[in-house]
Every structure is written in structure tokens, then in C-alpha cells.
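Here are some questions a newcomer might ask about a structure. Each answer sets a value against its definition.

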Amino acid sequence: MKLRETILPAMRPFSGPDELSALKEVIESGWWGKGPKVSEFEKEFAKMVGAKYAIAVTSNTQAQDLIFKAKGIKNCDVLSPTISFIATGIVPVWNQCKSILCDIDPFTCNIDPDDVKKQLTSNTKAIIAVNYAGVPADIDSIRECFDGLIIEDCALSCYTPGAGLKGDVAVWSFQAVKTMSSGDGGMITTDDKWLYETIRPMTNFGIPVSTYDRTKQPAITNKETSYVWDYEIDSIGYKAYMNDIQAALCLAQLRRLDEFLQTRRHIQKRYNDELSRYITIPAWSETAQFYSARVSKEDRNPLIAYLASKRIHTAVHFKPLHLHPILKQDREFPIADEEWLKFISLPCHAGMTDDDIDYVIYWVKNFFKNR
Ligand SMILES: Cc1ncc(COP(=O)(O)O)c(C=O)c1O
């Protein structure tokens, strides 16, 4: 097989004329801040998820922080899985909480409900359950032993049917390499009216009605026009709202989400069908954000290096959070410590062609033939 001229990335965004015309429209509209595109995106996203409310924000991480602040989660224990991105481990620390990491289920790599039971204390006020690689976390089992706040982290499950409906509130990510993306962006979905009404103004410094909505309101202070310039702030707010440029991109991507997922399923099925002799295929690769396969510990790093030499980039999702000094824990993680050394995420993104897939399969097979 001839060597590629360019690198095949592990993950990358995908776009075309639809995204360009959505951006052109919003740029020409003269309204780039939070406005009609954000409202439209929130409505469409809530509908897809089946949630009553949606709030578009700047990132999933920011979404989690807002939830902590709205619910007054501070000076307490917060549980989350050690196999995750740093966001879920560090947001509790931002809020003066003890970030207690849990071990994982060896099959799904999601937070292990049995370990959750062991780590719970009388001071545990929240649990962040991550849907690892698209697979929904076992929130039903967690509910049996915990009646506090459960945040369902759907950064890696956009969109797995049913995702976002088991926790009290769900957080989503539209960061650059997510299945649908606006470079950066996030969403909060929930059925909790109080949470929705509390967080919405918090995304905009506590201003109760956005500038865009104040341009449309019936006059209150200025009877001559319909523009209301005045507002009153009675609670602490932050700057965390999504703008119309991001929302226009997200809307265009949302409308193509089925197409993106179809391509990802195709890639994942080809890997499953043709590589299962060499790799342990992921627990469930229907809508996964990444294709996290497992190989033996001895093969993992040599395979990463070998594929890189063939201009194929891979990734490791994730190095356990307890191995980062900032989140060091005073305990053992037998499952995560064993499994993460086997992780290798093969390239999987909506822009991949059949030639790209053949190329990856060829070199993975070739690596194992020569072992
Ligand atoms: C599980 C998980 N949670 C949260 C995040 C953070 O998302 P964002 O970049 O939108 O803040 C990520 C990012 O990859 C993630 O993988």
C-alpha cells in the first residue's frame, strides 16, 4: 500500500456548503451575538433530545460549572469516573469540592455503580456520569443508592437515542472534533423548570432578558420605540452564552447529524467486521464520538507508533484522571489502571472516505501480521 501524502487525523470536523451558507447568512444579518439563531438551535436540540428545556452555552465544561453554581454545589464531595476528560474532574475543584474519582465497568468503560456505592459519603452532593464513547452510563443503578444531583455528561454521546434523559440535567459539547461542532459550544438540557429559569440569566451576567429580546419587547421605559434598554440584575451571573455565529453552524450541523452518524456507523462497522481478529472492538459503536478499540498492553504503544509512521494518527481516550497529579487519589483503580493501557482510538470522522478506511484497516492488519 502506497504511503499517504497527508496525515489521516484521528478526529476532525466536517463541513460543506450548508455550513458556509449558514455562516454567510448570519454574518450578513448584522446580528452576531446571542439572538434568533441561538433560540432556534435550543428549540431544535431540545426536541431531538426529548427534553423540556435547553440552554446553549460556550462549552460543556462551562455548562457543568453553571449547574454547580445554580445548585449551590460547593464544599462537598462530587463523584465522577476516572476514565474521562479533565473537565469532569476539575469542575468540582473549581467549586471547592473534593473530586472523588470512581473506577469503571471493564466492558463499557463507564462509571461503575458498585464503586460509586463504595465511594459515597454523607457529604456527596453530586455525581457526574459520563456516557463514554456514546454508551449510556448506568444511571438507573446509581439512582438506587444516591438521591442527589446527577449530571449526565453527553459530550461523547451526541447523539445516542435516549441520551440526556436519565440524569437530572445533561450537558453536551460542540467542541471542534465532536460529532457536530461549532468550534466550541455546549448545551444544557433538562426537564427541571427551576434549574432552567435559574441558569438562563446566569449565562448573561444575570441580565434577565437578552439584548436581542429587549429589541423586540413592547415598550416599557421608552414609549416611542419597542426597544427596552433598561434591565435590573439581582443575582450573580457569568458570561457563558452561545452566540448566533456558533448557533448557525450548530444548526447546519444538527440538520446533517443523521448523515454524520451514518458515516460513523459505516466506519465503525468496517473496523468491527475486518479487525475483530486483532483488536477488541468497542462495547457499542453505533454513534460513538470515537472508536475506542483495545489491544494488548504490549501492542498498544508500538501500534500507535507504527500507524503514525504510516501517517495515521490515533488517540487514547483517556489516560485516567487519577494519574494526573492535580487529581491524584488515595486509592487503587484496578480496572481503569489495567484497561487504559490497551486503549487506542482509530480514526473516525464524517469526512473519511472508503479509501481512508481501507488504508487504516490495511496497516492495522499489517502491524499484527508482523508481530
Ligand atoms: C467526557 C467529556 N466531558 C466534557 C468535555 C468538555 O467539553 P467542552 O470542550 O465542550 O468543554 C469533554 C471534551 O472532550 C469530554 O470528553
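Q: What makes Thr61 a polar contact of the ligand?
A: A polar contact is a pair of N or O atoms within 3.5 Å; within protein, one must be able to donate a hydrogen and the other to accept it, and residues adjacent in sequence count only if both atoms are side-chain atoms. In this predicted model, an oxygen atom of the ligand is 2.4 Å from an N or O atom in the side chain of Thr61. That value is within 3.5 Å, so the pair is a polar contact. The side chains of Ser173 and Lys178 each place an N or O atom 2.7 Å from a ligand oxygen.

Q: How much of the ligand does the protein cover?
A: On its own, the ligand has 390 Å² of accessible area (Shrake-Rupley method, 1.4 Å probe). The protein covers 92% of it.

Q: Which residues are closest to the ligand?
A: They are Asn60, Thr61, Asp153, Ser173 and Lys178. In total, 15 residues surround the ligand (a heavy atom within 4 Å).

Q: How is the model to be read?
A: Numbering starts from 1 along each chain as its sequence is written, and side-chain values use heavy atoms, without hydrogens and water. Because the model is predicted, local features need pLDDT (the predictor's confidence in each residue, from 0 to 100) of at least 70, side-chain atom pairs count only at pLDDT 80 or more, and totals for chains, interfaces and linings use all residues.

Q: How confident is the predictor in this protein?
A: The average pLDDT is 95, and 97% of the residues score at least 70.

Q: Why is the pair of Trp31 and Tyr212 called edge-to-face?
A: Rings of Phe, Tyr and Trp (its six-membered ring) pair if their centres lie within 6.5 Å; planes under 30 degrees apart count as stacked, over 60 as edge-to-face and the rest as tilted. Here the centres are 4.9 Å apart and the planes stand at 75 degrees, so the pair is edge-to-face. The two residues are 181 residues apart in the chain.

Q: Why is Trp31 called partly exposed, and why is Tyr212 called buried?
A: Buried means under 20% relative accessible area, exposed over 50%, partly exposed in between (1.4 Å probe, protein chains only). Trp31 has 27%, so Trp31 is partly exposed. Tyr212 has 19%, so Tyr212 is buried.

Q: What makes Tyr278 and Phe368 a stacked pair?
A: Their centres are 5.6 Å apart, with 25 degrees between the planes. Both values meet the limits, so the pair is stacked. Tyr278 and Phe368 are buried.

Conventions:
Helix = DSSP H or I, 4+ residues; strand = E, 2+ residues; numbered from the N terminus.
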